[in-house]
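Here is a short briefing on one protein chain. Please look over the sequence and the 3D structure first.

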Amino acid sequence: MNATQKNLRTFYAIIGTQTLSIIGSRLSGLAVGFEVFRQTGQATPLLLVSLFSLLPNIFAANIGGVLADRWDRRKLMLVADAGQALCSLLLLISFASGSFQIWHLYVLVIVGQVLASVQGPAFMASITMLVPDEQRDRANALTQLSGPLAGIIAPILSGLLYAAIGVVGTIAIDLATFAAAAMVFMFVHIPMPSGAHAEAAAKDGVWRSFTTGFGFLWSRKPMLVLVMQFALVNFCIGGAMGLEMAYTVSRTGSEQATGLILGVSSVGGLIGGIIMSVWGGTRPRIHTIMPALIMGGTFLALFGLAQSTLWLSVTVFLMMFPIAFVNAPVISILQNKTPPELQGRVFAVLSQISIVLMPIAYLLFGYLADNVLEPAVGTADWARYAPLFGSGQGSGMAVIFFACGVLMTVSSVLAYMLPMVRKMEATLPDYEAQATPDSETGTADETREGLELAAAG
């Protein structure tokens with residue numbers, strides 16, 4: 001077996017066990033969510049879990065990238081998997097002993113997500129070292145299928161497993177999948193990059209990594225506007241969907257129906273991804289991105305109006321279906337417009353900016369759901385809204401979904417109307433053009449100097 005074949009076997013072993021681990025984590029996450037909502041009857045604890053899952057990604061994305069360039073990636077991923085397994089074990093002990101308190105979950109979620117933020121960049125960087133160029137598109141496509149597959153399998157099984165073996169048994173399954181994933185890293189070899197470029201990247205500090213990436217976006221205003229629109233979109237759809245479990249359980253009164261609805265949402269994302277990979281989207285790509293955002297916002301609003309399992313499933317499917325029509329073209333635009341040596345830092349900043357508003361959404365929507373909107377249901381004042389949103393449990397949360405959908409739709413329409421956004425692919429030069437002397441952006445040296453000045457500022 002030659003080195004290429006051996007590396008490909010390593011990649012497939014890793015992606016297979018990591019997919020299994022993701023399914024296990026989704027199963028235990030849903031079971032814990034059911035248990036917490038059953039004990040508290042409130043949406044705020046679930047939104048706080050989402051908040052604490054998000055914060056490490058905001059603050060540690062650049063740290064994960066720096067560590068992945070400096071240390072052995074195999075060992076990083078092994079430590080991250082083992083650490084996350086330990087978090088699952090401690091949570092299992094907390095539930096099994098009857099001493100569970102909600103703060104236990106918050107602490108373990110934060111620790112687990114810090115470890116995940118270290119593991120993610122190491123894994124993505126390892127693909128380059130394990131998979132040859134001609135097979136990398138297929139490899140990246142496989143990594144993108146792990147989440148939707150877990151999103152289909154886990155919700156369907158979670159309601160059944162929660163009823164059969166409870167939260168403790170479900171966490172035990174998650175623990176076993178972590179152990180399987182960690183075991184692979186003990187026996188494989190992942191090459192590390194070498195040479196001057198790798199050594200230079202390894203010396204880049206965390207703050208410098210952020211400022212350089214942000215400076216590049218700042219110098220290309222249409223790209224920055226698009227990224228800022230993503231931040232607002234994630235505020236709307238990401239923040240609202242933090243209520244999804246509490247909302248669907250309240251609407252349907254069934255964990256099994258909730259699992260079905262969550263599974264259907266992942267089916268929508270998976271089918272959209274398959275169609276996008278075959279079709280490839282429009283040229284310019286912006287005419288795929290913005291209509292997809294508008295469609296997603298429209299069905300997010302309709303999800304808030306749905307009151308049966310059938311219509312909740314239909315609207316969430318159509319809301320998730322266009323997600324791939326947004327993510328893939330945006331990545332392609334940034335890859336075309338960003339010099340390869342800056343792409344890691346630019347994508348890290350993109351990730352950070354796009355989720356920076358979501359903590360506000362989690363805190364705000366949790367407060368509104370538990371303290372304002374749900375208590376208002378059934379009162380005399382609510383009677384005027386009941387024909388639209390209903391009068392049972394979950395009707396107050398429905399207002400949040402509807403309002404977020406309207407805001408996402410309207411803001412996306414307004415962004416689409418901006419000429420600088422519609423024409424960005426024509427007006428912003430590809431990175432090859434930036435290296436051409438006397439181009440409108442200056443010489444390669446001038447461009448690099450401008451980025452460093454922006455970063456320093």
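The points below cover the fold, the cores, the cavity, the cysteines and some single residues.

This is a predicted model. The protein has 21 helices and zero strands. Of its 457 residues, 51% count as buried.

**Overall fold**

- The secondary structure consists of 21 helices, with zero strands beside them.
- Long-range contacts are frequent: among contacts between residues at least 6 apart in sequence, 83% join residues at least 24 apart.
- The buried share is 51% of the 457 residues.

**Nonpolar cores**

- In soluble globular proteins, nonpolar side chains tend to be buried together.
- Here the largest nonpolar core holds 96 residues.
- Inside this core, L243, I289 and L300 have the most contacts.
- Helix α8, residues 221-241, gives the most to this core, with eleven residues.
- A second, separate core has 16 residues, including L8, F11, L67 and V184.
- What does L243 touch, leaving aside its neighbours within four places in sequence? Its contacts are A43, L47, F365, A369, M397, I400 and F401.

**Cavity**

- The structure holds one cavity of 30 Å³ or more.
- The largest cavity encloses about 50 Å³ of space.
- Its lining is made up of M223, L226, V227, F230, V330, I333, L334, L350 and M424.
- Two elements give two or more residues each to this lining: α8 and α13, the latter spanning 324-337.
- Helix α8 supplies the largest share of the lining, four residues.
- Which classes of residue line the largest cavity? The lining has nine nonpolar residues, no polar ones and no charged ones.
- Helix α8 thus appears under two topics: it gives the most to the largest core, and it gives the largest share of the cavity lining.

**Cysteines**

- The structure holds zero disulfides.
- Why is C236 not bonded to C404? The closest cysteine sulfur to that of C236 is in C404, and at 5.0 Å it is too far for a bond; a disulfide needs the two sulfur atoms within 2.5 Å.
- C236 counts as buried, because its relative accessibility is 0% and the cut-off is under 20%.
- C87 also counts as buried, at 10% relative accessibility.

**Helix α1: A13 and Q18**

- A13 lies in helix α1, which covers residues 3-40.
- Is A13 buried or partly exposed? A13 is partly exposed, because its relative accessible area is 31% and the partly exposed range lies between 20% and 50%.
- A13 and F185 are 172 residues apart in sequence, yet their C-alpha atoms are 9.3 Å apart in space.
- Q18 is in helix α1 as well.
- Q18 counts as buried, with 11% relative accessibility.
- Leaving aside neighbours within four places in sequence, Q18 is in contact with D81, Q119, A181 and F185.
- F185 therefore links the two descriptions: it is paired by distance with A13, and it is a contact of Q18 by the cut-off of heavy atoms within 4.5 Å.

**Helix α2: L48**

- L48 is found in helix α2, residues 44-70.
- Not counting residues up to four places away in sequence, L48 touches Y106 and L363.
- L48 and P359 are 311 residues apart in sequence. From C-alpha to C-alpha, L48 and P359 are 8.7 Å apart.

**Helix α10 and the loop after it**

- G263 is found in helix α10, and this helix spans 255-279.
- G263 is buried, with a relative accessible area of 2%.
- How far apart in space are G263 and G151, C-alpha to C-alpha? The distance is 5.8 Å, although 112 residues separate G263 and G151 in sequence.
- Not counting residues up to four places away in sequence, G263 touches G151, I152 and P155.
- P284 sits in the loop between α10 and α11, the second of which covers 286-305.
- Which kind of peptide bond joins R283 and P284? The bond between R283 and P284 is cis, with omega about 0°.

How values were computed: Residues numbered from 1 in each chain as written. Predicted model: local features only at pLDDT ≥ 70, side-chain atom pairs only at ≥ 80, totals over all residues. Heavy atoms only, no water. Core = buried A, V, L, I, M, F, W, Y, C linked by side-chain atoms within 4.5 Å. Buried < 20%, exposed > 50% of the residue type's maximum accessible area, 1.4 Å probe, protein only. 1 Å grid on protein atoms, 1.4 Å probe; cavity = no way out; pocket = protein on both sides within 12 Å on 5 of 7 lines; lining within 4 Å. Points joined across faces, edges and corners; volume = space filled by probe spheres on them. Nonpolar A, V, L, I, M, F, W, Y, C, P; charged D, E, K, R; others polar.
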